Amino acid sequence: MVRLALVLAAWLAGGAAHAVDDPYPWIAGAYLVKRDGVVLWAGQPDARLAPASLAKMMTALIAIERGKLDEPVTLGRGVLQATGTRIGLKPGERLSAGDLLTATVVRSANDACRGLAEHLGPSRNAFIVKMNERAAALGMANSHFADPCGHDRPDQYTSAADLVRLAEEVMKHREYMRLARLERVSLKTLDGGRTFALRNTNALLGRYDGAIGLKTGHTEGAGNCLVALAERDGVRVLAVLLNAPNRWWNAVGLLDRAFAAAR
Amino acid sequence: MRMRFFATLLVALPFAAVAQGSGELWEITMSMPGMPAGMMPAQRVCQGDDPERAAQAQKGKDKKDCKVTDRKQSGNRTIISMSCSDGSTMVIDQQFNAARTEFKSTMSLKSKKDGDMTMTQTGRKIGACDAVATRKERDAHMDKINKDMAAMQAAGAAEQKKFADRQIKECADAAAKMDWRGFGTYGQCYNNKADANCKTQIDSLNKMSPEIGKSCNARVAEYCKRYQTQEGFLKAKADENAAQMCGVTTASVKAAQCPKAAQTESLAFLGRYCLAEAKPIAQQNCVGRDYTSKMGGKYNDFCTAYLAQASLEKPPASAADQVKQGVSKGMDKLKGLFGR
């Protein structure tokens, strides 16, 4: 009897330790907010949902981990097939891998993302295999990638908790952090023939005090998605929102409340 | 303190006891119960006629706080009893050998302040010396030691003052910036003074400088008073930790201030913390505003704050259902595609 009580007490204590508040279940399909590495609030953190362009964080991670960002990349015909947000790249144009990465992270440009994935793959499908291998290595148990740039695919999904893992991994890289916080940037083809002036898709940059990044996403299947990171007085708050119709307002409200919450 | 006192005696006693002959070099070893051997190495002391030293010693005798209350001499043995102004008493029992080439001395001090102490000295004459030159050398050495000690004490005091000034400034800055973290221990312990850890920390800071506690506690009080105003609450960004420090809740501050903010149309406060009171103003001025749209004017900040906070509120049932239904449909679609 005593043993049973002890087991029960241990189980309850374990449960309590893992219990996370879900004060805003109505704001998104899934969300998770962390402050300085501690989860404050989460709703459906393990639900499998479409990632939209948040998948580009994985593409960027693989590119940064591989290095050689100065390498020239000659774009193939695949860039013409990219839909959604594009910067207008043309087959045969040459850019550095680093500039393709910049356009992928800052502008969420699908043509740049596709060109980068095909360069790193070396085919699109081979790159997708790499994405899933890296996801598995990160312990992203509720994620499967089927497109390097996050286009809706039947077998592509991720979760808020997995995206936090991925975000925390990219945050370790200075290059990603540098790109994520760029409000505007200008790129050139290697021959200097064309210039691309890009504005970051993250509306929090320049508007929200302490905003750093990290990635935006939107597709019809995924809805509005966002991985928001902000830092104030040395305190960092990371918020992941999947399918959040009011992602910007939600992000501002969540970040404000997270900064003010009791420690 | 004790060591310094005995060190003085070590130099003074043989001279006082011998006070005759010129230029005798003595090697003196001192020991105390509990003191490891070798902690006080043997010292060489030159004893002898030195008019200046004699004059100094006389001056010292006139000024000193201890008086000889009894003196017994029998052959080569001298027993001196002393009484000091702080209530302590001392008995010095010194005995020379017949040739006056060796001595042994025991000093017993009874003091309420420092407790009881016993020190033993042994000495042996090892040759001749120049008493005047040795005294000058020793005086110069002592001067240097005294100066070094004074400098060290001054440096220590300056460091403590610097630390206290810095702490006081940090508290002042924390109050001015409404950043509770700057109060450090004084913030954590403001409403927690009975806590053992707090007590220890505050006591040690007070020992260093009571001014720190006085100033920082006053600043925390000032902060807490301001925190409960609209201006202070806004500046502190409604921080829950600050509320805890001040022994209030953010809800209680909002409850007290929202009606006042509504009366005075304090938009900054209303937009952030008083959704119910702000709603009529928002309905008139914020409808259709997008986070990315260019805004301006009087209601810009109000609308941004209001819409962000309102976006987290539970929407009317129908709207909430729509979001959930949309998510659910998406999930079903995915599940269907996976065949589960």
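In chain A of this predicted model, a hairpin of three residues connects strand S7 (211-219) to strand S8 (223-232), S7(A) and S8(A) being joined directly through these residues; helices (H or I, at least four residues) and strands (E, at least two) are DSSP runs, numbered from the N terminus. S7(A) and S8(A) pair in the antiparallel sense over eight bridges, where two strands are taken to pair if DSSP finds at least two bridges between them, and within this pairing A:Ala211 has A:Ala230 of S8(A) as its bridge partner. Residues are numbered from 1 along each chain as its sequence is written, while chains are lettered from A and ligands numbered from 1 in the order in which they are written. Local features need pLDDT of at least 70 and side-chain atom pairs count only at pLDDT 80 or more, whereas totals for chains, interfaces and linings use all residues.

A second hairpin, with two residues between its strands, is formed by S8(A) and S9(A), and A:Asp233 in its turn has a positive phi of about 50°. Seven bridges join these antiparallel strands, with A:Val227 facing A:Val240 of S9(A) as bridge partner. Eight of the 10 residues of S8(A) are buried, so this strand is largely enclosed by the rest of the structure; a residue is buried if 20 or more other C-beta atoms, placed from the backbone, lie within 10 Å of its own.

S9(A) (residues 235-242) also pairs with S1(A) (residues 30-35), in the antiparallel sense and over six bridges, and A:Arg35 has A:Val237 as its partner there. The resulting open sheet has five strands in the order S2-S1-S9-S8-S7, with antiparallel pairing. S2(A) (38-43) and S7(A) stand at the edges with a single partner strand each, so one side of each is left without a neighbour in the sheet. Neighbouring strands are turned by 5° against each other on average, direction ignored, with axes fitted as lines to C-alpha atoms, for helices over the stretch in contact, and angles running from 0 to 180 degrees between N-to-C directions. Helix H7 (residues 160-170) of chain A lies across S1, S2, S7, S8 and S9 of chain A, at about 135° to S9(A).

Chain B has 13 helices and seven strands, and 26% of its 340 residues count as buried. The contact between the chains takes 21 residues from chain B and 27 residues from chain A, two residues being in contact if their C-beta atoms, placed from the backbone, lie within 7 Å. On the side of chain B that touches chain A, H13(B) gives the largest share, six residues.

Technical notes:
A residue is buried if 20 or more other C-beta atoms lie within 10 Å of its own, exposed if 12 or fewer, and partly exposed in between; C-beta atoms are placed from the backbone.
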